[in-house]
Amino acid sequence: MLIFLQSWYEIFSSFNTLLPRIAGGTVDLLVEKKNIFFRIQTKIAYYVPNSDTFRVVLKRSSGLKYDFSLLDYFVLYIFEYDSIYIVPSNFLKNKISINLFPHRKKRKRSAPNNLGNYDLNNYLNNFNLTN
């Protein structure tokens, strides 16, 4: 877990980044820029071959749901494509999992990420949290 958190630390190197003292809490990283603090939860996606998607489960390792009011962003990482989605937590509220498609050409889908017609690619590699 520490190596995983250190890689997120490098991603947020332009921010003042604080790592938790104890692993397993709600917040994986606390980052600050321009006197604004952001509470970050990190997740790794896994590939689902039969649907050709990458899935992220938005639950704790214990299976409990997160209190989304305690988080500002989810950082979703897809190792195979070195892709990072930085998604506001309120956008994912009430979701248990989401599907991501960084490997597919952009096209209209009826429900691309089980989030209605909204395309999560707007959050792909977008590190501009302060806007």
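**Exercise 1.** In this predicted model, classify aspartate 52 by its relative accessible area, and locate the residue in the fold.

*Solution.* Aspartate 52 has a relative accessible area of 28%. Buried requires under 20% and exposed over 50%, so aspartate 52 is partly exposed. The residue belongs to the loop that joins β4 and β5. Its phi is near 50°, a positive value in a residue other than glycine. Most residues other than glycine have a negative phi.

**Exercise 2.** Carry out the corresponding analysis for asparagine 94: where does the residue lie, and is it buried or exposed?

*Solution.* Asparagine 94 is placed in the loop between α2 (89–92) and β8. With a relative accessible area of 72%, asparagine 94 is exposed. Its phi is positive, about 70°, although the residue is not a glycine.

**Exercise 3.** Describe the overall architecture of the chain: how many helices and strands are there, and in what pattern do they follow one another?

*Solution.* The chain contains 2 helices and 8 strands. Along the sequence their pattern reads α-β-β-β-β-β-β-β-α-β. Of the 131 residues, 38% count as buried. Among contacts between residues at least 6 apart in sequence, 49% join residues at least 24 apart. The chain exposes about 7900 Å², and carbon and sulfur atoms supply 52% of this area.

**Exercise 4.** Count the aromatic pairs, then determine the geometry of the pair formed by phenylalanine 38 and tyrosine 73.

*Solution.* The count comes to 7 aromatic pairs. For phenylalanine 38 and tyrosine 73, the ring centres are 5.7 Å apart and the planes stand at 65°. Planes over 60 degrees apart count as edge-to-face, so this pair is edge-to-face. Phenylalanine 38 lies in strand β3 (residues 36–44) and tyrosine 73 in strand β6 (residues 73–78), so the pair ties together parts that are 35 residues apart in sequence. Phenylalanine 38 and tyrosine 73 are both buried.

**Exercise 5.** Determine the geometry of the pair formed by phenylalanine 68 and phenylalanine 74, and give the burial of each residue.

*Solution.* The ring centres of phenylalanine 68 and phenylalanine 74 are 5.5 Å apart, with planes at 40°, so the pair is tilted. Phenylalanine 68 has 11% relative accessibility and counts as buried. Phenylalanine 74 is buried as well, at 0%. Elsewhere, ring pairs link Tyr47, Phe54 and Tyr81 into a cluster.

**Exercise 6.** Identify the residues that touch the most other members of the largest nonpolar core, and the strands that supply this core.

*Solution.* The largest nonpolar core has 17 residues, of which Phe74, Leu76, Ile98 and Leu100 touch the most other members. At least two residues of this core come from each of β5 (53–57), β6, β7 (83–88) and β8 (97–100). The greatest contribution is that of β6, with 3 residues. Leaving out residues up to four places away in sequence, phenylalanine 74 touches residues including Leu58, Tyr66, Phe68, Tyr85 and Leu92. A second, separate core of 10 residues includes Val31, Val75, Ile84 and Ile86.

**Exercise 7.** Establish the surroundings of alanine 45: where does the residue lie, and which residues does it contact beyond its neighbours within four places in sequence?

*Solution.* Alanine 45 lies in the loop between β3 and β4 (46–48). Its relative accessible area is 6%, so alanine 45 is buried. Apart from neighbours within four places in sequence, alanine 45 is in contact with Phe54, Arg55, Val56, Tyr77 and Ile78. The C-alpha atoms of alanine 45 and valine 57 are separated by 7.6 Å, and these residues are 12 residues apart along the chain.

Definitions and conventions. Residues numbered from 1 in each chain as written. Predicted model: local features only at pLDDT ≥ 70, side-chain atom pairs only at ≥ 80, totals over all residues. Heavy atoms only, no water. Phe/Tyr/Trp six-rings, centres within 6.5 Å; stacked < 30°, edge-to-face > 60°. Buried < 20%, exposed > 50% of the residue type's maximum accessible area, 1.4 Å probe, protein only. Core = buried A, V, L, I, M, F, W, Y, C linked by side-chain atoms within 4.5 Å. Contact = heavy atoms within 4.5 Å. Areas by Shrake-Rupley, 256 points an atom, 1.4 Å probe, with all protein chains shown as cover.
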